[in-house]
Structure formats: structure tokens, C-alpha cells
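Hi,

Here is the structure I said I would pass on. Have a look at it first, and my notes follow underneath.

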Amino acid sequence: MAQGRQRRCEVRIEYRIKELAALPATVSDEQLDVGTAPGQGFMRPGLIHGVTSSARLKALIELKALGLRHKQRALRTEVVRSITRASQLGVAGDRSALRRMKKQSQREARLTEKMERQQRHERERREQDQHKQQLQTITNHGANLVAWHKVQQQRMEKLGRAVQAMHMRIEREEAKRKERIAKERIQALKAGDEEAYLKLVDMEKDTRITHLLKQTDEYLSTLVDAVQRQQHSVAMPTASDGDEGMAWLKENADMVGDDEAPQTRDQYYLVAHKVHERIKQQPNILVGGTLKEYQLHGLEWMVSLYNNRLNGILADEMGLGKTIQTISLVTYLMERKQQSGPFLIIVPLSTITNWILEFEKWAPSVRVVGYKGNPTQRRVLQQQIRMRDFQVLLTT
């Protein structure tokens, strides 16, 4: 019966909620059915009473109150459950609710404080031990490093003493040799053997030169092997059989043609400059003047370096025209070898202006860029360089 009554109440409440929700916004007091007798006021529990309240407001309040029925029911149930739990005694399953906290005595408090103090001291001691271990590790590493450097220094000192002793031994041997030669020279002079005396004198003078020439021959022999390996690894053009040879190579007695010159030097220059190219006149685009004969020989030597893919140093004395010879090499490559560039020439900053003037005088048709100046000027030149609007780039 209770469940049936509860269902009927729920049905009536749902019906009332739908009815209130379907009311129009312009409802009047006469149209609102609130279940009151004629002449009586609106007296529902929880609503606003009085003649000043409108019908729409009353209906809205009633609708909200009906919507809170589930929460009100849950609140009543929770209140009843709390009152029931508070009015009953604890059972065996809930002993924690009846447990009484033990009061800590003074002795136990002192023991707890002592244990905390011991734990704190133990923790501080471990941290100190760890810090000491780290410091000891760093100290040991420093000591090992110092010991290693000391051993290396002792080794270097030992090596230095050995080298010094070797030089002293060589000096003693050289002094003994000179003393022996001097005694032999005196004996030859006393004996009246003039030929032996002059031979000893020449040998004394030429000892250092002979040693240097011997070392030079060893270096040249090594260079000959390296050049031959390079020529075999790269497809080199063959030398012309009908060529008479280069003038600079013929006219140097120190290189070829001197019977007293070592064969190693002759072999090096003949192997290194395998490709021969005679130059009898200067390039046509070199219009600033006429090259001298030794300058033509220098140009021929540099062209031979180019043909044989070698490096070289033009070591003429100051004032003999190394700049003009270099410009002639560039013009020769452009005219005879069809190598229009670009060519990179690196010179000291103090001479770059003179190089530009020499190019304007001797080869005005060659486009030269002097890469120098402040950052703004260099940015303008960089644009010209990117466009490849040059043949020779002069920089420092």
C-alpha cells in the first residue's frame, strides 16, 4: 500500500510539473489552478503568499520546489541515518571509534627526541663522509696529474740532455777531425808536398758545402719519385720529341749541362718538366711594354709549371719585374690556353694598389677587381664577384 501510494504521488507530481511547464507567459490569476477554494488566497507550503505576487511567479516557484523533491528526500534520509548512527553503541567491527589515544609520557618523549637526534647526526655524518670522499677523489686526481706532468718533464729533460750530449759529441769529433787535418796539412807542408797540402785545404773548405749538396741530392731523389708517381696517376700530355728544349733549362749550368753537377738534379728537372713549351714572344694583350729576355725565360718556366701541374716560387731579386712576369703569365693563359679565369692573386695590402696600376698599364683589357676597402665598399664588390664580372681578383 505504501508503494502504491508513493507511485500515485509521483504520478500527480509529474503531471503537475508538466502542467506548470506548459503555462503561457501571460497567464492570469483566474487561469492558474492552484487548488484553492473561491475567495481564499494562494496557500501552498513553500510559496510566496500575498496579493502582490503574480500568478506566473507563483507557478515558477512551485515548479522549482517540485524539482527539488529528490534532493530533499536524500537529505532527509542522510539526516535519519546520522541520527541513528549517533544513538547506537559501537560494535566489534568498529573498534577504532572507541579507541582511546594513549598519552605519551615524559620518558617516551625523551627517547623519541634522542632517536631523532641520533638519526640527524647519522645523516649529517654520511653527508660529511660523502663530501670528504669527493674532495679526496679530486685531490688524488690532481696529484696523479702533477705526477704525470713531472714524469713527462723528466722525459723531456732526459731527451734534451741526450740531444745536447749528441751535439757535444759531434762537435768534439769535428774538432778532432779539424785538428787531424791541420796536423796532416802541417806535415805535408813540412814534407814539401804542395799538392797534398792544397787538397787538404780544399777539403776543409768544401766539407760543409758537400754535406749540403748531399742532402739536396737526397731530397731531389725523393721529389723525382713523387713527381713520377703523380705523372703516372694523372693523364699528363706527352713531350714533343722535336722540341729543342726550354731556354731557361739549357742556360742554367747548375741544372743541366754541367759535367760536375750531380746526376740526381739533372734527372729531377728533366722528369719534373717533362712537357716542354718554348715561348719566343710575349702575349699580344700584354701592351704595356716589351719583356726582357730573362723575363721571357721566367714566363716560360712558369708556363712549364702550369703544363706539368707543379708548384713553384719565382725567387728573382727585388726590382727584376716579378709583378710583370706574373701579369704576363695570366695574359698568356688567357690568350694561348683560352683560360679566361677567374684568377686569384693574393698580395700584401701595401702593394695591392701597385698591382692594380700595373694591370691597367700592361693589360688594360683584363677585368681586375681589387677586393679591399671598408665594409660598404666590400659589399658592393661582393655583388660584382657573385656575378662573375671579373677575370682577376686581387686581394690580401
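**What I found**

The protein exposes about 30,200 Å², and carbon and sulfur atoms supply 55% of that area. Keep in mind while you browse that this is a predicted model.

On the overall layout: the protein has 11 helices and 3 strands. Along the sequence they follow the pattern α-α-α-α-α-α-α-α-α-β-α-β-α-β. Of the 396 residues, 23% are buried. If you take the contacts between residues at least 6 apart in sequence, 65% of them join residues at least 24 apart.

**The N-terminal pair**

Starting at the front, helix α1 covers residues 2-21 and helix α2 covers residues 55-67; their axes come within 10 Å and cross at roughly 145°. The crossing is left-handed. On the α1 side, the residues that meet α2 are Ile13, Arg16, Ile17, Leu20 and Ala21, and their partners in α2 are Arg56, Ala59, Glu62, Leu63 and Leu66. By class, this contact has 7 nonpolar and 3 charged residues, with no polar ones.

**Around α9**

I spent most of my time on helix α9, so let me go through its neighbours in turn.

With helix α8 (residues 293-307), α9 packs at an angle of about 55°, the two axes being 9 Å apart. An angle like that makes α8 oblique to α9. The crossing here is right-handed. From α8, the contact uses Tyr294, Gln295, Gly298, Leu299, Met302, Val303 and Tyr306, which meet Gln325, Thr326, Ser328, Leu329, Tyr332 and Leu333 of α9. Sorted by class, the residues of this contact come to 8 nonpolar and 5 polar, with no charged ones.

Then there is helix α10 (residues 352-362). Its axis and that of α9 (residues 322-335) come within 11 Å and cross at roughly 55°. That makes α9 oblique to α10, and the crossing of these two is right-handed. Thr323, Ile324, Thr326 and Ile327 of α9 make the contact with Trp355, Glu358, Phe359 and Trp362 of α10. This set divides into 5 nonpolar, 2 polar and 1 charged. One residue to click on is Thr326, as it takes part in the contact with α8 and is also listed in the contact with α10.

**Two residues to look at**

Is Thr331 buried or exposed? This residue sits in helix α9, and its relative accessible area is 0%, so Thr331 is buried, the cut-off being under 20%. Leaving aside residues up to four places away in sequence, Thr331 touches Pro283, Ile285, Leu286, Ala363 and Val366.

Ser340 lies in the loop between α9 and β1 (343-346). Its relative accessibility is 46%, so Ser340 counts as partly exposed. What does Ser340 touch, not counting residues up to four places away in sequence? The answer is Met334 and Gln391. Going back into the helix, Val330 is 10 residues from Ser340 in sequence, and the C-alpha to C-alpha distance between them is 8.9 Å.

That is what I have for now. Shout if anything is unclear.

Cheers

Methods: Residues are numbered from 1 along each chain as its sequence is written. This is a predicted model: local features need pLDDT of at least 70, side-chain atom pairs count only at pLDDT 80 or more; totals for chains, interfaces and linings use all residues. Side-chain values use heavy atoms; hydrogens and water are left out. Axes are lines fitted to C-alpha atoms, for helices over the stretch in contact, and angles run from 0 to 180 degrees between N-to-C directions. Helices (H or I, at least four residues) and strands (E, at least two) are DSSP runs, numbered from the N terminus. Angles under 35 degrees count as roughly parallel, over 145 as roughly antiparallel, 65 to 115 as roughly perpendicular and the rest as oblique. A crossing is left-handed if the near helix is turned anticlockwise from the far one by less than a right angle, and right-handed if clockwise. Contact means heavy atoms within 4.5 Å. Ala, Val, Leu, Ile, Met, Phe, Trp, Tyr, Cys and Pro count as nonpolar, Asp, Glu, Lys and Arg as charged, and the others, Gly among them, as polar. Buried means under 20% relative accessible area, exposed over 50%, partly exposed in between (1.4 Å probe, protein chains only). Accessible areas come from the Shrake-Rupley method with a 1.4 Å probe; for residues, only the protein chains shown count as cover.
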